[in-house]
Amino acid sequence: MSVDAETSSANRRSRILGDLQGGRNIAVAVASTVVFFAVVIVVIINSAGWPEVRKAFFDRQLFTGSFPEIARAFLLNVRIFCIAEVVILVAALGIAVLRGLPGPVLFPFRLLAVVYTDLFRGIPTILVIYILGFGAPALQLSGVPNSPFFWGVTALVLVYSAYVAEVYRAGIESVHPSQEAAARSLGLSHAKTLRFVIIPQAVRRVIPPLLNDFIGLQKDSALVALIGPIEAFRQSQIDVAATFNYTPYLATALLFLLLTIPLARLTDWLVARDRRRQSGGGLR
Amino acid sequence: MNAKEAALSLEGVRKSFGSVEVLRGVDLNVGEHEVVCLIGASGSGKSTLLRCVNLLERIDAGRIFLHGKEITHGVDANKVRRRVGIVFQAFNLFPHMTVLRNVTLAPTRVLGKSRAEAQAEAIALLERFGLADKRDEYPDRLSGGQQQRVAIVRALAMRPDLMLLDEVTSALDPELVAEVLSVIQELADGGMTMLIATHEMSFARDTADRVCFLDAGRILEQGPPEEIFTRPREFRTQQFLERIIAAGRL
């Protein structure tokens with residue numbers, strides 16, 4: 001039994017390299033990978049349209065020429081999603097807590113939270129950005145910024161808070177009711193039980209799905225371009241329009257990947273670590 | 001003994017879950033410094049009764065008094081729970097906190113004690129029950145018996161004047177039962193008022209001042225342990241004890 005348990009936990013160590021045990025398996029994996037990609041590359045290079053595509057997408061000179069400017073514009077994406085992520089972490093938790101409020105008196109708050117999540121998960125992000133980006137400034141509210149940057153970030157916060165609130169809620173509901181009973185039996189109020197007992201456990205459990213949503217958010221920061229701000233995607237569009245060559249798009253894609261891939265790996269690592277802890281935890 | 005003198009008094013307590021009536025009119029008094037054991041088959045309502053006293057469940061009918069003061073309705077449940085400790089079958093320690101944090105959470109956050117004061121008291125309690133060296137461990141690292149002792153210490157840290165124990169040894173490996181029972185014995189010797197739901201008949205016989213046999217949501221029979229265990233009057237009590245003896249538990 002212990003041998004089985006050990007192999008299976010070793011297999012779970014990494015989703016990609018998990019079952020590569022021993023020299024022979026690794027050799028087979030390397031060989032099949034090389035063959036697979038060689039075939040793909042040969043097929044692409046020998047296709048009829050390859051010379052045209054190569055010129056349009058893989059122009060080295062244009063790449064190095066446009067990259068610095070796009071990278072500078074990408075800093076705006078970073079600003080957009082960094083600000084949005086901080087606000088979302090707090091706002092979504094608030095919504096999740098509202099939704100879990102007990103008792104009939106607080107029903108309106110629960111209803112509000114349900115309507116909110118339904119609404120903003122149901123409308124395409126791009127529409128929320130358009131409606132807020134063009135509609136909100138037209139209201140000419142005093143004391144509220146009119147910049148498309150502000151409303152773009154607000155739109156992303158509204159949409160992603162709805163998703164992340166659901167993630168939090170799943171986490172809160174996954175904490176066993178006996179934990180709440182134990183906390184309440186010590187005299188802790190509902191709020192203090194949430195704050196000290198339920199939420200700390202819930203947050204730990206939802207870190208992987210939460211990071212997953214943030215990967216989506218980072219990509220969607222490009223949508224803010226549609227209401228004006230010149231971020232990486234918009235900048236590459238400008239470059240493409242000037243040169244009639246699509247290489248700048250590739251540079252933009254690369255920039256996004258440089259950010260999202262490490263985050264994806266971090267998510268995987270956290271999931272694996274969690275699993276290791278649980279299997280090594282002994283008595284629950 | 002009437003409701004005014006008793007530490008805890010229940011009058012005609014009823015509780016249903018959906019269409020199932022779990023408690024069908026329970027009358028019970030627990031005096032100051034008295035140890036009362038609830039025995040009875042699984043599903044007879046022992047756990048529900050304890051949870052109702054702690055107001056974790058709201059009763060459908062009847063009245064509950066704590067030191068003569070009615071707590072059935074219109075009281076701040078959080079205030080009542082400060083004075084009534086409960087220990088659960090499954091320990092229910094907070095897995096993300098060290099032993100010391102588990103014990104000091106309620107004293108600091110509910111009673112408003114300073115961290116230093118709460119810690120000093122917690123350490124004294126942990127020492128008393130042989131857990132001083134575990135203060136910085138997380139619950140998952142402890143044996144079941146140690147976890148349950150920590151759970152008892154956590155409840156005691158609120159200085160309750162009534163302790164409810166809900167089959168606290170049922171989730172333990174047999175060799176770990178004794179260490180938990182000796183803690184309860186020590187509490188009983190110290191004069192703690194306790195209402196204990198238990199399957200440990202020999203423990204009930206040795207420790208309880210009074211044993212109540214719960215059957216189908218009612219207290220069918222109660223009395224001193226020697227009387228209940230040797231000369232039960234009710235047929236259902238006799239049946240239950242015969243099954244227990246056949247299982248080698250008495």
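This tour goes through a predicted model of chains A and B, stop by stop.

**Stop 1: two helices of chain A**

Select residues 125-138 of chain A, which form helix α6, and residues 148-174 of chain A, which form helix α7. The two helices pack with their axes 9 Å apart, at an angle of about 140 degrees. α6(A) and α7(A) are therefore oblique to each other, since angles count as roughly antiparallel when over 145 degrees. The crossing in which α6(A) passes α7(A) is right-handed.

To see the contact, show side chains on both helices. From α6(A) come A:Thr125, A:Val128, A:Ile129, A:Leu132, A:Gly133, A:Ala136 and A:Pro137. From α7(A) come A:Pro148, A:Trp151, A:Gly152, A:Thr154, A:Ala155, A:Leu158 and A:Val159. Coloured by class, this contact shows 10 nonpolar residues, 4 polar residues and no charged residues.

**Stop 2: A:Leu266**

Move to helix α11 of chain A, residues 247-279, and pick A:Leu266. A:Leu266 has 13 other C-beta atoms within 10 Å, so A:Leu266 is partly exposed. Now add A:Pro208, which is 58 residues from A:Leu266 in sequence. Drawn from C-alpha to C-alpha, the distance between A:Leu266 and A:Pro208 is 8.6 Å.

**Stop 3: where chain A touches chain B**

Show both chains. The contact takes 20 residues from chain A and 20 residues from chain B. On the chain A side, select α8 (177-185) and α9 (190-220), each of which supplies at least two of the touching residues. By class, the chain A side divides into 8 nonpolar, 8 polar and 4 charged residues.

Stay on α8(A) and select A:Ala182, A:Ala183, A:Arg184 and A:Ser185, which are buried. Which elements cover the buried residues of α8(A)? The cover includes α9 of chain A, and from chain B it includes α2 (77-83) and β6. After α8(A) comes A:Gly187, where phi is positive, near 95 degrees.

**Stop 4: the sheet of chain B**

Hide chain A and show the strands of chain B. An open sheet of 6 strands appears in the order β6-β7-β8-β3-β9-β10, with mixed pairing. β6 (84-87) and β10 (218-223) stand at the edges; each has a single partner strand, so one side of each is left without a neighbour in the sheet. From one strand to the next, the twist averages 20 degrees.

Two pairings in this sheet can be inspected.

- Select β7(B), residues 162-166, and β8(B), residues 194-197: these strands run parallel and are joined by 4 bridges. B:Asp166 has B:Ala197 of β8(B) as its bridge partner.
- Select β9(B) and β10(B): they pair in the antiparallel sense over 5 bridges. B:Val211 has B:Gly223 of β10(B) as its bridge partner. The two strands form a hairpin with 2 residues between them, and B:Ala216 in the turn has a positive phi of about 50 degrees.

Next, add α1(B), which lies across β3, β6, β7, β8 and β9 (210-215) of chain B. α1(B) runs at about 150 degrees to β8(B).

**Stop 5: B:Ser42**

End in the loop between β3 (35-39) and α1 (46-53) of chain B, where B:Ser42 sits. Is B:Ser42 buried or exposed? With 9 other C-beta atoms within 10 Å, B:Ser42 is exposed. For a last distance, add B:Gly191, 149 residues from B:Ser42 in sequence. The C-alpha atoms of B:Ser42 and B:Gly191 are 29 Å apart in space.

Key:
Residues numbered from 1 in each chain as written. Chains lettered and ligands numbered in written order. Predicted model: local features only at pLDDT ≥ 70, side-chain atom pairs only at ≥ 80, totals over all residues. Axes fitted to C-alpha atoms, helices over the stretch in contact; angles between N-to-C directions. Parallel < 35°, antiparallel > 145°, perpendicular 65-115°, else oblique. Left-handed = near helix turned anticlockwise from the far one by under 90°. Contact = placed C-beta atoms within 7 Å. Nonpolar A, V, L, I, M, F, W, Y, C, P; charged D, E, K, R; others polar. Buried ≥ 20, exposed ≤ 12 C-beta atoms within 10 Å, placed from the backbone. Pairing = 2+ DSSP bridges.
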